[in-house]
Amino acid sequence: MSSTSLLVKFRFEGDKKSEVANLSYEQYSNLKELPMTVECKIVKNQKPTLSKADTEALNKKIAQAFKKSKSHTRTLTEN
């Protein structure tokens, strides 16, 4: 994980409210690329709504979802 963290506000399809978490730029980019993300922007002067443990769990889910998304895209383009 990068030493520089960004405060990111995001919301997924079906969620009623946005969350705010500290993410690396790579995590922010990956989150923004997911089709289920309807809001994803860098913010300032907002308090994180996710605990550190929740953010770590989210980061793992983002990595898994992005890996699946990219491999699915790669499979489609190879056929």
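This is a dialogue about reading the features of one predicted model.

Reader: Where should I begin, and how many helices and strands does the protein chain have?

Author: It helps to list the elements before looking at how they are arranged, and you should keep in mind throughout that the model is predicted. The protein chain has two helices and three strands, and from the N terminus on these elements run β-β-α-β-α.

Reader: In which order do the three strands lie in the sheet?

Author: Strands of a sheet pair through backbone hydrogen bonds, and the pairing is either parallel or antiparallel. Here the three strands make an open sheet in the order S2-S1-S3, with antiparallel pairing. Strand S2 (19–23) and strand S3 (37–42) are the edge strands, since each of them pairs on one side only. On average, neighbouring strands of this sheet are turned by 30° against each other, when direction is ignored.

Reader: Over how many bridges do S1 and S2 pair?

Author: Strand S1, which covers residues 6–12, pairs with S2 over five bridges in the antiparallel sense. To follow one of the pairings in the structure, start at Leu6, whose bridge partner in S2 is Leu23. The hairpin of S1 and S2 has six residues between the strands, and Gly14 takes a positive phi near 90° there.

Reader: Is S2 mostly covered or mostly exposed?

Author: A residue counts as buried when its relative accessible area is under 20%. By that cut-off, four of the five residues of S2 are buried, so the strand is mostly covered. For the protein chain as a whole, buried residues make up 32% of the 79 residues, while the accessible surface comes to about 5,800 Å², with 50% of it belonging to carbon and sulfur atoms.

Reader: Which residues have the most contacts inside the largest nonpolar core?

Author: The largest nonpolar core holds 13 residues, and those with the most contacts inside it are Val8, Phe10, Leu31, Cys40 and Leu58. At least two residues of this core come from each of S1, S2, helix H1 (25–33) and helix H2 (52–78), and S1 gives the most, with four residues.

Reader: Which residues does Cys40 touch?

Author: If we leave out residues up to four places away in sequence, Cys40 touches Val8, Lys9, Phe10, Tyr28, Leu31 and Lys32. Turning to contacts across the protein chain with a separation of 6 or more, 54% of them are accounted for by residues 24 or more positions apart.

Reader: How many aromatic pairs does the structure hold, and how do I read their geometry?

Author: There are two aromatic pairs, and for each one you look at the distance between the ring centres and the angle between the planes. The centres of the Phe10 and Phe12 rings lie 5.4 Å apart and their planes are at 55°, so this pair is tilted. Both Phe10 and Phe12 are buried. Tyr25 and Tyr28 form a tilted pair as well, at 5.8 Å centre to centre and with 55° between the planes.

Reader: Why are Tyr25 and Tyr28 separated by about one helical turn, and which of the two is buried?

Author: The separation is about one helical turn because Tyr25 and Tyr28 are three residues apart in helix H1. Tyr28 is buried, with a relative accessible area of 9%, whereas Tyr25, at 53% relative accessibility, counts as exposed.

Key: Residues are numbered from 1 along each chain as its sequence is written. This is a predicted model: local features need pLDDT of at least 70, side-chain atom pairs count only at pLDDT 80 or more; totals for chains, interfaces and linings use all residues. Side-chain values use heavy atoms; hydrogens and water are left out. Two strands pair if DSSP finds at least two bridges between them. Axes are lines fitted to C-alpha atoms, for helices over the stretch in contact, and angles run from 0 to 180 degrees between N-to-C directions. A nonpolar core is a set of buried Ala, Val, Leu, Ile, Met, Phe, Trp, Tyr and Cys residues joined through side-chain atoms within 4.5 Å. Buried means under 20% relative accessible area, exposed over 50%, partly exposed in between (1.4 Å probe, protein chains only). Contact means heavy atoms within 4.5 Å. Accessible areas come from the Shrake-Rupley method with a 1.4 Å probe; for residues, only the protein chains shown count as cover. Rings of Phe, Tyr and Trp (its six-membered ring) pair if their centres lie within 6.5 Å; planes under 30 degrees apart count as stacked, over 60 as edge-to-face and the rest as tilted.
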